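Here's a quick tour of how the inside of this protein is put together. Have a look at the sequence and the structure, then read on.

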Amino acid sequence: MPEDAGSAASPDGVGKATPTRASAGGKRRRGRLSRSGEFDRVYRQGRSVANRWLVLYVFSRAEPGPDHDGPRLGLSVSRKVGGAVERNRVKRLLRVAFAAAVEQLPADHDFVVVARVPAAELSEQRGLAGVREALDDLLARALELSARR
């Protein structure tokens, strides 16, 4: 059996090379929102922009802090989007698209992406390119909106 048999890429070309869930100290360092309170703060105090496929909420944190050295992403993909396979595909593509744009994003911001029902169709028909285009459009609009404040 080859050494890399477990690291085969998925059919859409997006590999599964994600770092482990926790570092040696037990702290999460993957730049993700995980607690419901963090999501609530972004929903209530942040700004939002939307398109046909996604809704993006953006919130500027007071300071990044030692645990959060970069923009953080939270995802919300409901069962209305589809079954577990479809939802996980949408989430995986959103994570990859966000990671591609993370260099252009301010480090002290939290982002929550809510996938609308047509997001499953977008991910199936256009794959990563379509999801990336939709997310990049929203990120540009959101950063322009927050720059006006």
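## A glycine in a helix

Let's start with G127. Not counting residues up to four places away in sequence, G127 touches R89, L93 and L122. One of these partners sits well along the chain: G127 and L93 are 34 residues apart in sequence, with their C-alpha atoms separated by 7.6 Å. Keep in mind that this is a predicted model.

G127 belongs to helix α3. Is G127 buried or exposed? Its relative accessibility is 11%, and the cut-off for buried is under 20%, so G127 counts as buried.

## The main nonpolar core

Now for the big one. The largest nonpolar core has 28 residues, and L54, L56 and V113 are those with the most contacts inside it. Five elements each supply at least two residues of this core: the strands β2 (54-60), β3 (72-77) and β4 (109-115), plus the helices α2 (84-101) and α3 (118-148). Which of them gives the most? That's α3, with 10 residues.

L54 has quite a list of partners. Setting aside residues up to four places away in sequence, L54 touches V49, L94, V113, V114, A115, R116, A119, A134, L135 and L138.

There's also a second, separate core of 5 residues, and it includes L33, F39, V42 and V112.

## L135, seen from the helix side

L135 is found in helix α3. With a relative accessible area of 1%, L135 is buried. Beyond its neighbours within four places in sequence, L135 is in contact with L54, L94, A97, F98 and V113.

Where does V113 lie relative to L135? The two are 22 residues apart in sequence, and their C-alpha atoms are 8.7 Å apart in space. V113 and L135 both turn up among the residues that L54 touches, and L135 in turn contacts L54 and V113.

## A buried arginine

Over to strand β3, where R72 is found. What makes R72 count as buried? Its relative accessibility is 4%, and buried means under 20%, so R72 falls on the buried side of the cut-off.

The R72 side chain makes a polar contact with the side chain of E38, at 3.2 Å. Leaving aside neighbours within four places in sequence, R72 is in contact with G31, R32, L33, E38, R41, R61, F98, H109, D110 and F111. Two names there come up elsewhere: L33 is part of the second core, and F98 is also a contact of L135.

Key: Residues are numbered from 1 along each chain as its sequence is written. This is a predicted model: local features need pLDDT of at least 70, side-chain atom pairs count only at pLDDT 80 or more; totals for chains, interfaces and linings use all residues. Side-chain values use heavy atoms; hydrogens and water are left out. A nonpolar core is a set of buried Ala, Val, Leu, Ile, Met, Phe, Trp, Tyr and Cys residues joined through side-chain atoms within 4.5 Å. Buried means under 20% relative accessible area, exposed over 50%, partly exposed in between (1.4 Å probe, protein chains only). Helices (H or I, at least four residues) and strands (E, at least two) are DSSP runs, numbered from the N terminus. Contact means heavy atoms within 4.5 Å. A polar contact is a pair of N or O atoms within 3.5 Å; within protein, one must be able to donate a hydrogen and the other to accept it, and residues adjacent in sequence count only if both atoms are side-chain atoms.
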